[in-house]
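Pull up the model and turn it around a few times before reading on. We'll go through it piece by piece, from the chain's secondary structure to its empty spaces.

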Amino acid sequence: MEKKIVNNYGSFDLTFVKGKNATMYSADGRKYIDFIAGIGVNCLGHNNRHLVKAIRKQASRQLHISNYYFSDTGLEFADRLLSATGFTGGYFGNSGAEANEAAIKLARKYGQLNGGSKRKVIVTLESSFHGRTLATLTATGQERFHPECFAPYPEGFKTIKPNDFDSLKNAFDDTTAALLMECVQGEGGVNLINPEWAKAAAEAARNAGALVIADEVQTGMGRTGTLLASDWLGINPDAVTLAKGIAGGIPMGACLFRNKAQGVFEAGDHQSTFAGNPLACAAGLAVLETLTSPNFLERVEEAGEYIRNTIRNWNLPIVKEVRGKGLLIGTQITDGIKPFDIEVKCLENGLCTTTAGSNVIRFLPPLTITDREIDEGLAIYKSTLEEFCK
């Protein structure tokens, strides 16, 4: 595989051929419980009947048209997504990095229109992650993502310490175009943002004349138990970026805007060939219909709380802390044990997990995961952790 396709992810020598909800099967017929869901992408699990039906139906009608025109499916999805989230406009893209690139361009143009060339700085948070393009890498508040081989990096980014009220004293001024923040730092270690601090940061940014942008590439579309994580954080962002689970496995991203961010983009400011094609929008409609069905998101929050409490109640010495929101969950591992080694052992035992930050095992299971799949996965996880306690 590595000789044919660049193995940027350091992928395991394992090939999956099919799946059903949170259960996957490898080429050799082995069963695995999926606590990753394609890094949060497969929000409805594998082979979801409603999603598959929507994709098949759309594929028989129309896969793609030029963005010189509109599709009926795209218009319907845009209307429903904006109505459900409370935004008034948006841009469709293909990925989280592209959604964040759109947000960065939106912020820069807004700054130019509302302060001139000096208003271009975008404030992000330490331990954040915003993507793999040059601009989103620079916005990412982790030095390990800024290797010299990719330099020079774009100018105009500044990081501050999250949950630290002192960091807000001099964070924003008349050079600030936007505050860009994750509602939960997934890649950074499943770090929760204090709602009171987040609201104070948003207020300080707005008082300086800047936009507030929520990066919800990982936390959006029900992952944390509400359709948007910014809803429970209470920051009322001017723009939000989405991807991962937005179309249940079909590549898609979005940058939604309202308030001061509405009307900033004009024709030609930001474009993409494949963005918002009918197939992706049909998948997005199926996802949105599921997420907004009665009691669905309440079940996400309940399932997440059950997983976190179960791990805490094991009282294993290897577990330093369990944290998260909804079905975005992190187990902080004690010093001296590498989370990657635990990930490898979990995989050997039939459980797909991933790592985050420097010492965290991260779970992002399908939002549709059943109680049986949760318990089966947790049983594997417990026995794996116990192996490292010996």
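Helices and strands here are DSSP runs, numbered from the N terminus, with at least four residues (H or I) for a helix and at least two (E) for a strand. Bear in mind that this is a predicted model.

Start with the early strands. Strand 1 (residues 16-20) runs antiparallel to strand 2 (residues 23-26), with four bridges between them. Lys20 sits across from Thr23 of strand 2. Two residues separate the strands in this hairpin, and Asn21 has a positive phi there, near 55 degrees. Strand 2 also pairs with strand 3 (residues 31-34), again in the antiparallel sense, over three bridges. Here Met24 has Tyr32 as its bridge partner in strand 3. The hairpin of strand 2 and strand 3 has four residues between the strands, and its Gly29 takes a positive phi near 85 degrees.

Now jump to strand 10. How many of its five residues are buried? Five of the five residues in strand 10 (residues 211-215) are buried, so the strand is largely enclosed by the rest of the structure. That holds for both faces: Leu211, Ile213 and Asp215 are buried on one side, and Val212 and Ala214 on the other. Look at what pairs with this strand, too. Strand 7 (residues 176-182) pairs with strand 10 in the parallel sense over five bridges, and Leu179 stands opposite Val212. Strand 11 (residues 239-242) also pairs with strand 10 in the parallel sense, over three bridges, with Ile213 opposite Ala239.

Follow the chain out of strand 10 and you get to the loop between strand 10 and helix 7, where Gln218 is found. With a relative accessible area of 12%, Gln218 is buried, since the cut-off is under 20%. Its side chain makes a polar contact with the side chain of Arg362 at 3.1 Å. Beyond its sequence neighbours within four places, Gln218 is in contact with several residues, including Glu187, Arg223, Lys244 and Leu328.

Met221 is in the loop between strand 10 and helix 7 (229-233) as well. Its phi is near 60 degrees, a positive value in a residue other than glycine. Most residues other than glycine have a negative phi, and most peptide bonds are trans. Is Met221 buried or exposed? Met221 is buried, at a relative accessible area of 2%.

Asn295 has a positive phi too, near 70 degrees. Asn295 belongs to the loop between helix 8 (278-291) and helix 9 (296-314). At 56% relative accessibility, Asn295 counts as exposed, because exposed means over 50%. For a backbone oddity of another kind, check the bond between Ala151 and Pro152, which is a cis peptide bond with omega about 5 degrees. Pro152 is in the loop between helix 5 (134-139) and strand 6 (157-160).

Another side chain to look at is Arg323, in strand 13 (residues 319-325). Arg323 is buried, with a relative accessible area of 11%. Its side chain reaches the backbone oxygen of Val190 at 2.9 Å. Not counting residues up to four places away in sequence, Arg323 touches ten residues' worth of surroundings that include Gly189, Asn191, Arg308, Arg312 and Val360.On to the empty spaces. There is one cavity of 30 Å³ or more in the structure, and the largest cavity has a volume of about 40 Å³. Two residues from the loop we just visited, Gln218 and Met221, are among those lining this cavity, along with others including Gly40, Cys43, Lys244 and Leu367. By type, the lining of the largest cavity divides into three nonpolar, four polar and two charged residues.

Finally, find the second largest pocket, which has a volume of about 970 Å³. It is lined by 34 residues, and the closest to its centre are Asn67, Phe70, Gly90, Tyr91 and Phe92. Helix 3 (72-85), strand 4 (89-93) and strand 12 (253-257) are the elements that give two or more residues to this lining. Which element gives the most to the lining of the second largest pocket? Helix 3 does, with five residues. The lining of the second largest pocket is made up of 17 nonpolar, 15 polar and two charged residues.

Notes. Residues numbered from 1 in each chain as written. Predicted model: local features only at pLDDT ≥ 70, side-chain atom pairs only at ≥ 80, totals over all residues. Heavy atoms only, no water. 1 Å grid on protein atoms, 1.4 Å probe; cavity = no way out; pocket = protein on both sides within 12 Å on 5 of 7 lines; lining within 4 Å. Points joined across faces, edges and corners; volume = space filled by probe spheres on them. Nonpolar A, V, L, I, M, F, W, Y, C, P; charged D, E, K, R; others polar. Buried < 20%, exposed > 50% of the residue type's maximum accessible area, 1.4 Å probe, protein only. Pairing = 2+ DSSP bridges. Polar contact = N/O pair within 3.5 Å; in protein donor to acceptor, adjacent residues only side chain to side chain. Contact = heavy atoms within 4.5 Å.
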